[in-house]
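Student: I would like to learn how to read a protein model, one feature after another. Could you take me through this one slowly?

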Amino acid sequence: MVTHSLSFDQDRQVVVKRYLGSTRGEAAREWRALRLLADHAPRLAPEPVSADLTADPPAVVMSLLPGEPLGGQSLTLPQEHALATAVGQLWQSVPVGLVTSVSGEVDTRAHLVQEVQAWMASAEPAPGSTVAGALAAGAAWLAGAAWLAGAAWLAG
C-alpha cells in the first residue's frame with residue numbers, strides 16, 4: 001500500500017513527503033517526531049523544515065540526509081552495529097513524558113500489540129538473516145509479554 005510520495009530538491013537539500021490519504025494523522029505524527037528528534041537527538045534523523053498539515057494532501061518538508069540508501073543489499077557488520085546503535089538512540093532519546101497521542105494513533109495496548117504482530121507477520125526477511133532472527137526474537141518476546149497489561153508507559 002502506497003501511503004506517501006517523496007520528491008527531492010537537491011538545490012535546497014530537502015525532501016518533500018506528501019501523504020496520499022492522511023486519515024490517521026500520519027503527517028502530524030511525522031512532523032511531531034521530527035521536531036522531538038531534532039530537540040533530543042540532533043542529527044539522528046532529518047531536520048524538520050516545514051509542514052502543511054492542513055493541505056490536501058498534507059506535506060512535511062525535511063532535510064535531505066547525505067549518503068546512500070541501505071536498502072537492496074545486505075548490511076555489513078559495521079552497518080548492522082551502527083543501525084542498531086542509531087535505533088537504540090532513537091527509542092531512548094525522547095523523554096516519555098513528551099510523547100503524546102495524535103488523532104488516529106493506536107490508542108490501546110491491545111491495538112498496539114495487534115498492529116505490531118500484523119506487521120511482523122507480513123515481513124519477509126531473508127531466511128537466516130539478522131532481520132529474520134530479530135523478528136523471531138521480537139515475536140517470542142511479544143508473545144510472552146504479559147507485562148504489557150500493566151505497562152504504565154503504554155497507558156493511553
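Tutor: Let us begin with a single residue, bearing in mind that this is a predicted model. Leu-83 has a relative accessibility of 38%, and it therefore counts as partly exposed, since that class lies between the 20% limit for buried and the 50% limit for exposed.

Student: Where does Leu-83 lie, and which residues form a nonpolar patch with it?

Tutor: Leu-83 belongs to helix α2, which covers residues 77–93. On the surface it forms a nonpolar patch with Val-87, Leu-90 and Trp-91, and together the four have about 410 Å² of accessible area.

Student: Then which residues make up the largest nonpolar core?

Tutor: A nonpolar core is a set of buried residues of certain kinds, joined through their side-chain atoms. Here the largest such core has eight residues, namely Val-15, Tyr-19, Ala-27, Trp-31, Leu-34, Val-60, Met-62 and Leu-64. Two or more of its residues come from each of β2 (14–19), α1 (26–40) and β4 (59–63), and α1 gives the most, with three. Apart from this core lies another, of five residues, including Leu-36, Leu-37, Ala-41 and Ala-45.

Student: If I set aside its neighbours within four places in sequence, what is Leu-34 in contact with?

Tutor: With those neighbours left out, Leu-34 is in contact with Pro-46, Pro-48, Val-60 and Met-62, and among these Val-60 and Met-62 are also listed in the largest nonpolar core.

Student: How many salt bridges does the structure hold, and how should I read them?

Tutor: For a salt bridge, one looks for a side-chain nitrogen of Lys or Arg within 4 Å of a carboxyl oxygen of Asp or Glu. The structure holds two of them. In one, Arg-12 pairs with Asp-9, with the closest N and O atoms 3.9 Å apart, and Asp-9 is partly exposed because its relative accessibility is 24%. In the other, Glu-30 pairs with Lys-17, and there the closest N and O atoms are 2.7 Å apart. Glu-30 lies in helix α1 and Lys-17 in strand β2, so this pair ties together parts that are 13 residues apart in sequence.

Student: Is Lys-17 buried or exposed?

Tutor: Lys-17 counts as buried, because its relative accessibility is 13%.

Student: How far apart are Thr-130 and Glu-80, in sequence and in space?

Tutor: They are 50 residues apart in sequence, while their C-alpha atoms are 8.7 Å apart in space. Thr-130 is found in helix α4, residues 130–143, and with a relative accessible area of 49% it is partly exposed.

Definitions and conventions
Residues numbered from 1 in each chain as written. Predicted model: local features only at pLDDT ≥ 70, side-chain atom pairs only at ≥ 80, totals over all residues. Heavy atoms only, no water. Core = buried A, V, L, I, M, F, W, Y, C linked by side-chain atoms within 4.5 Å. Buried < 20%, exposed > 50% of the residue type's maximum accessible area, 1.4 Å probe, protein only. Helix = DSSP H or I, 4+ residues; strand = E, 2+ residues; numbered from the N terminus. Contact = heavy atoms within 4.5 Å. Patch = residues over 30% accessible without salt bridge, like charges linked within 9 Å, V, L, I, M, F, W, Y side chains within 5 Å. Areas by Shrake-Rupley, 256 points an atom, 1.4 Å probe, with all protein chains shown as cover.
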